[in-house]
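The following paragraphs guide the reader through the internal spaces, helix contacts and backbone features of a single protein chain. The structure is shown first, and the discussion then proceeds region by region.

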Amino acid sequence: MSRSMLFKTRMVWMVAMMMSVFSSDFGFFRLGSTLGVNYGQVANDLPTPEQVLTLLTWLKASSARIYDANPQVLAAFADTGIDLIVTVPDEEVRRLTDPQLALQWVATNVQPYLPATMITGIAVGNEVFTSGDTTLMADLAPAMASIRAALVRLGLETRVHVSSANSLAVLESSYPPSCGAFKGELAGAMAAFLQFLAATGAPFWVNTYPYFAYKDDPSGIPLDYALLNPNAGMEDPHTRLRYDNMLYAQVDAAIFALARLGYGGVEVRVSETGWPSKGDADEAGASAENARVYNRNLLVRQMANEGTPLVPDRRLEVYLFALFNEDLKPGPTSERNYGLFHPDGTMAYNLGLAALPSSSSTTASIALTSSATTREMSTKFGCRTLILLLFSWTIIQALVSKAE
């Protein structure tokens with residue numbers, strides 16, 4: 001290849017890269033193999049699992065987490081290549097401390113679906129150690145051990161890990177990150193659980209929401225720091241590590257807390273994080289714009305395979321909460337408005353996702369943007385892309401002529 005041809009090829013590649021970045025800003029942004037999504041179902045009139053699968057496939061989501069072991073969902077996810085975490089609900093935990101019942105549960109809810117449905121994890125309970133239920137806390141580790149024994153007996157232990165998602169509220173302190181420590185009253189209750197994770201190589205899952213911290217102290221916490229926007233950040237005075245966002249600071253606080261108890265080798269992963277698009281009058285920061293910014297910034301960081309300042313070479317695994325607004329959830333308005341989509345499949349706000357083509361396999365339309373938004377974005381994309389292409393080609397021709 002001649003020098004001029006090589007130069008031209010490189011310039012075309014550069015323009016292609018520019019076009020890729022440009023198009024992501026105008027509605028053609030998709031998750032890629034970067035992020036997990038929580039698929040909750042506490043809502044009326046949700047799309048069928050098959051329709052949800054169409055949505056996740058178009059998003060190119062690589063993994064999902066459900067809050068039960070719904071057989072319809074498990075069957076629908078067969079041969080999709082999407083990793084799936086299933087959940088043992090809190091009310092089932094005590095029963096599964098019995099090894100025989102745990103074996104029956106795994107034989108019914110996991111084994112028949114493998115390997116077609118890529119079940120990679122079982123979450124036992126949810127935020128157990130902040131539930132206030134001491135019986136549930138005591139039952140958690142024995143139930144996990146029984147489920148793990150069932151996996152071993154069925155030869156599935158290398159495919160499926162067993163863990164449980166924890167609220168960040170298990171920490172007594174999280175600022176600065178190097179001072180991260182578990183609440184003293186929970187250390188004893190969590191001991192068997194943490195020993196199990198260390199012994200089996202399972203991750204410590206944490207539900208971490210910078211939104212909660214901002215809501216509680218909007219005058220003291222910079223919004224950009226909570227939203228993962230560019231900002232001055234903060235430096236941990238003990239480690240001299242610099243943090244430009246609260247999410248990574250909270251995760252590192254959990255890592256330090258584990259290390260304080262002798263479990264520094266346990267990996268921390270984010271089982272839930274997100275930002276509500278709507279809230280009550282006293283819920284500062286809950287807005288569609290903030291939700292859009294937080295989730296889009298999170299996706300960009302996940303695409304860059306970022307780790308936290310404490311473990312920069314280990315990509316942080318994150319599950320976004322949530323796929324849908326769940327209109328049957330109790331509590332403040334924000335609790336029902338974490339979804340990327342409304343239960344009918346329309347977008348809760350414009351994250352900048354490509355429009356979903358119609359599918360003959362779905363009986364209901366799942367629109368990723370409103371028709372007005374789609375038209376507006378198509379116009380912007382068409383006009384500005386043409387201008388960019390003409391401008392870029394002019395540069396290429398000029399530089400090639402110079403090179404020749």
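About 40 Å³ of space lies in the second largest cavity of this chain, and the coordinates examined here are those of a predicted model. V251, I255, E267, V268, T308, V311, R314, R315, L316 and E317 line that cavity. By class, this lining has 5 nonpolar, 1 polar and 4 charged residues. The charged members are E267, R314, R315 and E317, while T308 is the polar one.

The count of cavities of 30 Å³ or more comes to 2, and the largest cavity holds about 50 Å³ of space. Its lining is formed by R65, I85, I122, A123, H161, S163, S164, A165, W205 and S271. Two elements, β4 and β5 (161–167), each give two or more residues to this lining. The largest share, 4 residues, comes from β5. In terms of class, the lining of the largest cavity divides into 5 nonpolar, 4 polar and 1 charged residues; R65 is the charged one.

From the enclosed spaces the account turns to the open ones. The largest pocket contains about 1,000 Å³ of space. It is lined by 43 residues, and E127, S167, N207, Y209 and F212 are those that lie nearest its centre. Several elements give two or more residues to the lining of this pocket, namely β3 (83–88), α4 (90–93), β4 (119–126), α8 (210–216) and α10 (246–260). Of the lining, the largest share is that of α8, with 4 residues. The classes represented are 20 nonpolar, 13 polar and 10 charged residues.

E127 merits attention for its backbone as well as for its place among the residues nearest the centre of the largest pocket. This residue is located in the loop between β4 and α6. What is the sign of phi at E127, a residue other than glycine? The value is positive, near 50°. As a point of reference, most residues other than glycine have a negative phi, and most peptide bonds are trans.

Two peptide bonds in the model are to be read against that background. L114 and P115 are joined by a cis peptide bond, with omega about 0°. P115 is found in the loop between α5 and β4. A cis peptide bond also runs from Y175 to P176, and here omega is near -10°. The loop that holds P176 lies between β6 (171–173) and β7 (181–182).

The remaining topic is the packing of helices. Two packed helices are described by the angle between their axes and the distance between the axes. Helix α6 (residues 134–153) takes part in a contact with helix α5 (residues 99–109), where the two axes come within 8 Å and cross at roughly 60°. Because of this angle, α5 is oblique to α6. The crossing by which α5 passes α6 is right-handed. On the α5 side the contact involves P99, Q100, A102, L103 and V106, which meet S146, I147, A150, L151 and R153 in α6. By class, the contact of α5 with α6 has 7 nonpolar, 2 polar and 1 charged residues.

Helix α6 also meets helix α7 (residues 184–200). Which angle do the axes of α6 and α7 form where they come within 8 Å? They cross at roughly 15°, and α6 is therefore roughly parallel to α7, since angles under 35 degrees count as roughly parallel. The crossing of α6 and α7 is left-handed. In this contact, α6 contributes M137, L140, A141, M144, A145 and R148, and α7 contributes L186, A189, A192, F193, F196, L197 and T200. These residues divide into 11 nonpolar, 1 polar and 1 charged; the charged one is R148 and the polar one is T200.

Taken together, the two contacts show α6 in a right-handed crossing with α5 and in a left-handed crossing with α7.

Definitions and conventions. Residues numbered from 1 in each chain as written. Predicted model: local features only at pLDDT ≥ 70, side-chain atom pairs only at ≥ 80, totals over all residues. Heavy atoms only, no water. 1 Å grid on protein atoms, 1.4 Å probe; cavity = no way out; pocket = protein on both sides within 12 Å on 5 of 7 lines; lining within 4 Å. Points joined across faces, edges and corners; volume = space filled by probe spheres on them. Axes fitted to C-alpha atoms, helices over the stretch in contact; angles between N-to-C directions. Parallel < 35°, antiparallel > 145°, perpendicular 65-115°, else oblique. Left-handed = near helix turned anticlockwise from the far one by under 90°. Contact = heavy atoms within 4.5 Å.
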